[in-house]
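Student: Could you help me see how the labels on a protein model are earned?
Tutor: Gladly, let's look at one together.

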Amino acid sequence: LGGDYLPWGRVAVTAVFPCDPHADGERDIAALVLERKVPSDVPTASIASPHERGTYVLQGFGSAVWPKTTAGGLVLEAKRRTTRGGDVATLGDDTVTVKGPSKPGDSGGAVLDARTRELVAIVSRGDYAHHFNGVSYGDVTIGARVDRCSVALDRALARAGEVSSSVSTR
C-alpha cells in the first residue's frame, strides 16, 4: 500500500483496519488511514444503515469494455465515474443487494442512499462476476454494509487522531 494516486495527488496509507471478519465473508471492507488529510473540497458522506424500501445510487469507475482492448501494446479502457442504481432487492445482515447493474471496476465504489446521499455500503460484487466465474447475479449489485464495520472505523479514526465515530445508524 502507499504510492497510489487520488484526484488530489500521491497519497500514502499509514494504517489499515479491516472490518471484523464474518463467517460468510461479506465484510470485505477496510478503513484506511491516509498520511495526510483529505482536502476540504472533497465531498464526504455520513454513514447510515440501508433500509428495505430504499433506493440507492452506485458510484464507481466501472467500464463496459470487456475484454480490455489492446492497441499498439497499450491497454485501453474507459476510466470515468459512472452512476447507476435502483431499489433494494434484498437486505441481509452484512449486505444490501441493489437492483442495478455494476461493471468491472465498480468494486470498492460507494452505495449511497439516493435521497439522503448517506453511505450505506461498498460495492462488493455484481453482475459482471459471470465474466470471471460463470455466476450471473441478474443485473444486481451486492454491497458490503458499512454500518457493520463501526469497530474498524473507530480504530481508524482513533489512529488518525479523531474522536470516536459513533457511527450513526437508522
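Tutor: What follows is a short talk about a disulfide, burial and a nonpolar core.

Tutor: This is a predicted model, in which local features need pLDDT of at least 70 and side-chain atom pairs count only at pLDDT 80 or more, while totals for chains, interfaces and linings use all residues. Residues are numbered from 1 along each chain as its sequence is written, and side-chain values use heavy atoms, with hydrogens and water left out.

Student: Why is the link of Cys19 and Cys149 called a disulfide?
Tutor: A disulfide is a pair of cysteine sulfur atoms within 2.5 Å. The sulfur atoms of Cys19 and Cys149 are 2.0 Å apart, so the pair fits the definition.

Student: How do you know whether Cys19 is buried or exposed?
Tutor: Buried means under 20% relative accessible area, exposed over 50%, and partly exposed in between (1.4 Å probe, protein chains only). Cys19 has 5% relative accessibility, so Cys19 counts as buried. Cys149, at 3%, is buried too.

Student: What makes Arg117 partly exposed?
Tutor: Its relative accessible area is 39%, and partly exposed lies between the 20% and 50% limits. Arg117 also has a positive phi of about 65°, although it is not a glycine. Most residues other than glycine have a negative phi.

Student: Which residues have the most contacts inside the largest nonpolar core?
Tutor: They are Phe17, Ile29, Leu119 and Val146, in a core of 17 residues. A nonpolar core is a set of buried Ala, Val, Leu, Ile, Met, Phe, Trp, Tyr and Cys residues joined through side-chain atoms within 4.5 Å.
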